[in-house]
Amino acid sequence: MDKDLSRDTGDHDEPENNSDDHHQIEVLSLLYLPRLKTYFWPHRRKASLVMADQSKNSDPSDEVTACFVHSLIAGGGLSFTKAGKGHFSKDTDVITESSITDALSIAETEDGRPGSPPHNVVQSRHLTKKQLSDMAWNVRRLSKRLDSIRLRLNVKSIFLVTKAGDKSVVSATREVAQWLLSKECGTQFVVYVENRLELDPGFGYEELLQEEPSVKDRLKFWDTKLAGEQAHLFDFVITLGGDGTVLYTSWLFQHIVPPVLSFALGSLGFLTKFDFNDYQNILGSAIKNGVVVSLRLRFECTIMRSNPEPSETSASKKHRDLVEELIGYESHTTLTHRPDGVMHILNDVVVDRGPNPTMSSIELFGGDEHFTTLLADGVCIATPTGSTAYNMAAGGSLSHPDNPVILITAICAHTLSFRPIILPDTVVLRVGVPYDARTSSWASFDGRQRVELLPGDYVTVSASRYPFANVLPRGGRGDDWMHSLSKTLNWNSRQRQKSLS
């Protein structure tokens, strides 16, 4: 038995009139809960909702940025307005930092980056659903604008990332660092290299100091903590390796990402667009004449742990319903889950069976809808950049990196009908392990930080507000991705059919 009540949701600040459209009446039904013998207003469960923490709403490093791209990514609004003497147009070839100040106003949208809400505010994620949609739209608009201009950056500090496990790349790192620190560059750069190279004989740090003692104050060493907590120190990133090195760079910068220029010294070349043999001319031109930047979509992944109920036992836990907790209705405000870590990834998040000998049981949600229950070795949720990685190996679709989409592909599904699907980047996905699953599952993020998901746990996946700033060769956009498919993966490669004589 339901009781119908009405609630006035009109705007009481406007003067009254007799228009039927002025006061909007929303009819809601009170639901009756037999177990509690009471009526209640229906509302979605707060399974993934967490109390907002004022101390974690903003990262101090996001507010102090060293270059224009930093400022755009950290600003949140990414709003373009014409002001003063400059503006963006197809005729604009080079944008300098001085003209950027006049040409752009980085303003937050009405529902832009959240500020500091009251302590009692409950947020489902770092961004609300409308904020997520606005953020995704603004990042796409910014990326389209950046495609037609060059950014002349005020580069003072340069961050070098070296491919791990390859001695030949260590010597290449030394060569690049030595050149950047030399008088030939004409600028007193501060160069950061990985701290493991300080004692590496292939890098020869002591020899560099003997050759030029003045570089001691300008050659510094970074570790993962420095990269993660003080990204604003770096104006420009250079990677020496393959696509795996670029993914590692994305992992290092979990928030704002400086522009990344990648030299091809590995086996895959979807993200490494520059020839190392011409590194002096390439870097000199990039620093002096500016760069073309592409913003690659990243995912923000939050691990959510199940909160135990009072007097819960292992047997009673199996009777809990993950679908009901995530998208059902509730009569109280008890939080069923709590956050346990956030990662920003460039390629994919994979939830699989891990070392378990049996298949994984996985619940898949999109927004407030339960998509399906999947019995498989796992599921791969990939960005457009990651479509040519594990997603492709699992039989998923290939996607151009400019597409604002989320790709979902099952890994060895125990069914004939699970086809890969593609969703817009405004959808918030949740991938969880049901309470009655036989075994736990394991989640990995860009192939790193493998985490066990116990029954009742899940992972939230959505578009990140911190895209990956990838530097492109001048005029290399468009057919370059198709060329990489053909060159790297031999896509649709076969002997040409002979004509009929």
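A residue counts as buried when its relative accessible area is under 20%, as exposed when that area is over 50%, and as partly exposed in between. By this rule R450, with a relative accessible area of 43%, is partly exposed, whereas D352, with 13%, is buried. The structure discussed here is a predicted model, and the same terms are used for the rest of its chain.

**Overall make-up**

The protein chain has 501 residues, of which 49% count as buried, and its secondary structure comes to 13 helices and 25 strands. Its accessible surface is about 25200 Å², and 50% of this area belongs to carbon and sulfur atoms. Among the contacts with a separation of 6 or more in the chain, 74% are accounted for by residues 24 or more positions apart.

**The nonpolar cores**

In soluble globular proteins, nonpolar side chains tend to be buried together. In this model the largest nonpolar core has 81 residues, and those with the most contacts inside it are L180, F236, F263, L283 and F445. Helix α5, which covers residues 167–181, gives the most to this core, with eight residues. The core draws at least three residues from each of two domains, namely domain 1 (152–290) and domain 2 (299–309 + 321–463). If residues up to four places away in sequence are not counted, L180 touches a list of residues that includes I158, F189, I238 and L283. A second, separate core has 21 residues, including F234, Y248, V257 and Y466.

Y248 is also one of the buried residues of helix α8. Nine of the 10 residues of this helix (residues 243–252) are buried, so α8 is largely enclosed by the rest of the structure.

**Salt bridges**

A search of the whole structure finds 12 salt bridges, and the table lists some of them with the distance between N and O atoms.

| Acidic residue | Basic residue | N to O distance |
|---|---|---|
| D352 | R450 | 2.6 Å |
| E325 | R320 | 2.8 Å |
| D166 | K163 | 3.8 Å |

D352 lies in strand β16 (residues 348–352) and R450 in strand β23 (residues 448–453), so this pair ties together parts that are 98 residues apart in sequence. E325 and R320 are both buried, and these two residues are linked with E309 and E312 in a network of salt bridges. D166 is partly exposed, with a relative accessible area of 21%, and K163 is likewise partly exposed at 24%.

D352 is also among the residues touched by D377, as are R353 and C412, when residues up to four places away in sequence are not counted. D377 is found in strand β18 (residues 369–382); its C-alpha is 7.9 Å from that of A410, although the two residues are 33 residues apart in sequence.

**Surface and backbone**

At the surface, L268, M392, L398, M482, L489 and W491 make a nonpolar patch of about 470 Å². Of these, L489 has its place in helix α13 (residues 480–489) and is partly exposed, with a relative accessible area of 30%.

Most residues other than glycine have a negative phi. S311, however, has a positive phi near 60°; this residue lies in the loop between β14 (299–306) and α10 (314–317) and is exposed, with a relative accessible area of 75%. N492 has a positive phi of about 50°, although it is not a glycine. N492 is found in the segment after α13, and at 65% relative accessibility it counts as exposed.

Notes: Residues are numbered from 1 along each chain as its sequence is written. This is a predicted model: local features need pLDDT of at least 70, side-chain atom pairs count only at pLDDT 80 or more; totals for chains, interfaces and linings use all residues. Side-chain values use heavy atoms; hydrogens and water are left out. A nonpolar core is a set of buried Ala, Val, Leu, Ile, Met, Phe, Trp, Tyr and Cys residues joined through side-chain atoms within 4.5 Å. Buried means under 20% relative accessible area, exposed over 50%, partly exposed in between (1.4 Å probe, protein chains only). Helices (H or I, at least four residues) and strands (E, at least two) are DSSP runs, numbered from the N terminus. Domain bounds come from an automatic or database domain assignment. Contact means heavy atoms within 4.5 Å. Patches are made of residues with over 30% relative accessible area and no salt bridge: like charges are joined within 9 Å, nonpolar side chains (Val, Leu, Ile, Met, Phe, Trp, Tyr) within 5 Å. Accessible areas come from the Shrake-Rupley method with a 1.4 Å probe; for residues, only the protein chains shown count as cover. A salt bridge is a side-chain nitrogen of Lys or Arg within 4 Å of a carboxyl oxygen of Asp or Glu.
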